[in-house]
Amino acid sequence: MTELREFKLPDAGEGLTEADIVAWHVKPGDQVEDGQIIVEVETAKAVVELPSPWDGTVARLLAEEGETVKVGVPIIAIEVAGAVGGQPTIAASGQEKADYAERAGVSAPAPADSPGTDKPARQAVLVGYGVKASSTTRRARKTPQPVAAAAARPETAEVPTGPAESAEPLELPAEPGAPAVRALAKPPVRKLAKDLGISLAELAGSGPDGSITRDDVQRAASTDTQVRSAILENGVRTATLPTAASPGSEERIPVRGVRKHMAAAMVSSAFTAPHVTEFLQVDVTETMAAVRRIRDLPEYADVRVSPLLLVARALLIAVRRHPLVNSSWDDGAQEIVVKHYVNLGIAVAADRGLLVPTVKNAAELSLPELARSLQDLTETARAGRATPADLTGGTITITNVGVFGVDGGTPILTPGEAAILAFGQVRDAPWVVDGQLAVRAVCTLSLSFDHRIIDGELGSAVLRDVGSMLEDPVRMLAWN
């Protein structure tokens, strides 16, 4: 006895309403196990891998790669053996939701309503609250190619047929009729293989228990490149290589995921909070010398120390001296919410768009701990491995525009925050020191702030304090 169950898209973040299907790891007919990764989805904050909630056989893929799906809408149908009843959906218990959230690494749901509560307007999902049945809408889909069902599998008219599988699945059966075997590899390795166009099913792993490592994927990519070069050198062309766009042509890029969220957030911030930006040029010669000395300390042997570390420490001390700068505007309550903790956001330019991972309780960290947190979070964000928890909850932000070779800018506030500090490039410039002209290391600081909360006097005091500490790092000890 089998039951056809539909897995609904869970809330993979904190109150998110939709996600894009990035890649399916299974196809119709595949056997799946409880906890096996079946799909990658991209939310407004991160790429998340979702595991199967049941053991069974994939019947249909109900959403295509690249499609935007609302939370609570079914994305896959799985035939579950040993189940009783013919309902195609499942209403999971609160414990099942919590267990699934723990396995998937996504948001745990709030406690469910009591069994006697009549709430027919909401559909149950494994994670999160779900969506109202009456308001669930889906984007028009392209007509998919028919997919042959397993011979013994009964057809279900109300379940739409999924799209055809890509040419290089990650799972291949060992022999006809045998269950699919999933290549053993960690998620970052799978992403690397996908980016390089390498099929994991064709590789022999050199890692523990035969797992596939990054080196295995990179060797395969190198070999593939060499083969392509040899073919071209011998005058044989087996495929048409992509050509550059012709002059005057246009390209349309779908706005999804992180870029869509970033665009909406920037528009909301720019047209909601009245921005003011102030600038300050600072002699950071002593800060650069301090950075060089810190790099030689054994406590920082495994950490990349940059001027950003001392900029972050200076801002944290300035926040302690001027708490109102670390606040937000509650328009509904007409209140200013002062945060007596600092979750420091660091703006990171990643392939998926602008990300702002946050160092939680940054003011409580020692300097070595802050250095490691900054390094780990930025590397995780650039690699596309930042979780929704990493990307939420910020209270004040730093953007290091100096890495792009520019002196400064007018940064836009992260929504829900009152200030953002931009740190420009450090370059040699003429500077007057004790009445004499000298060549010094100079940078420009830019502070944008919400003028509903922070007036010119407070904004200037914060910027001046940060600049003073970077001119003379000893002040960080004196003011801390």
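**Cores, a sheet and a pocket**

Let's start with one residue, L370. Set aside its neighbours within four places in sequence. L370 is then in contact with L309, A312, R313, L316, V359, A362 and L365. Keep in mind that this is a predicted model.

Now step back to the core. L370 is one of the residues with the most contacts inside the largest nonpolar core. The others named with it are L344, L445 and L470. That core has 52 residues.

Which elements build it? Helices α5 (285-295), α6 (307-321), α7 (367-382) and α8 (456-471) each supply at least two residues. So do strands β14 (344-346), β18 (396-399), β19 (419-423) and β21 (436-450). The largest share comes from α6, with eleven residues.

There is also a second core, separate from this one. It has 23 residues, including V32, I38, V48 and I76.

Back to α6 for a moment. V319 lies in this helix. Is V319 buried or exposed? Its relative accessible area is 5%. Buried means under 20%, so V319 counts as buried. What does V319 touch, not counting residues up to four places away in sequence? The list is V325, N326, V342 and I396. Look at I396 in particular. V319 and I396 are 77 residues apart along the chain. Their C-alpha atoms are separated by 9.2 Å.

Next, a sheet. This one is open and has four strands. The order is β5-β4-β2-β7, and the pairing is antiparallel. β5 (47-51) and β7 (68-70) are the edge strands. Each of those two pairs on one side only. On average, neighbouring strands here are turned by 40 degrees against each other, direction ignored.

Zoom in on one pair. β2 covers residues 18-24, and β4 covers residues 37-42. They pair in the antiparallel sense over four bridges. On this pair, find A23. Opposite A23 stands E40, in β4.

Last stop, the second largest pocket. It holds about 510 Å³ of space. How many residues line it? The lining has 18 residues. Nearest the centre lie K191, D195, R352, A383 and G384. β4 turns up again here: β4, α2 (187-196) and α7 each supply at least two residues of the lining. Which element gives the most? That is α2, with five residues.

To recap: find L370 in the 52-residue core, V319 in α6, and β4 both in the sheet and in the pocket lining.

Methods: Residues are numbered from 1 along each chain as its sequence is written. This is a predicted model: local features need pLDDT of at least 70, side-chain atom pairs count only at pLDDT 80 or more; totals for chains, interfaces and linings use all residues. Side-chain values use heavy atoms; hydrogens and water are left out. A nonpolar core is a set of buried Ala, Val, Leu, Ile, Met, Phe, Trp, Tyr and Cys residues joined through side-chain atoms within 4.5 Å. Buried means under 20% relative accessible area, exposed over 50%, partly exposed in between (1.4 Å probe, protein chains only). Contact means heavy atoms within 4.5 Å. Two strands pair if DSSP finds at least two bridges between them. Axes are lines fitted to C-alpha atoms, for helices over the stretch in contact, and angles run from 0 to 180 degrees between N-to-C directions. On a 1 Å grid over the protein atoms alone, a cavity is a set of points where a 1.4 Å probe fits but cannot get out, and a pocket is an open set with protein on both sides within 12 Å along at least five of seven lines; lining residues have an atom within 4 Å of a point. Grid points are joined across faces, edges and corners, and a volume is the space filled by probe spheres set on the points.
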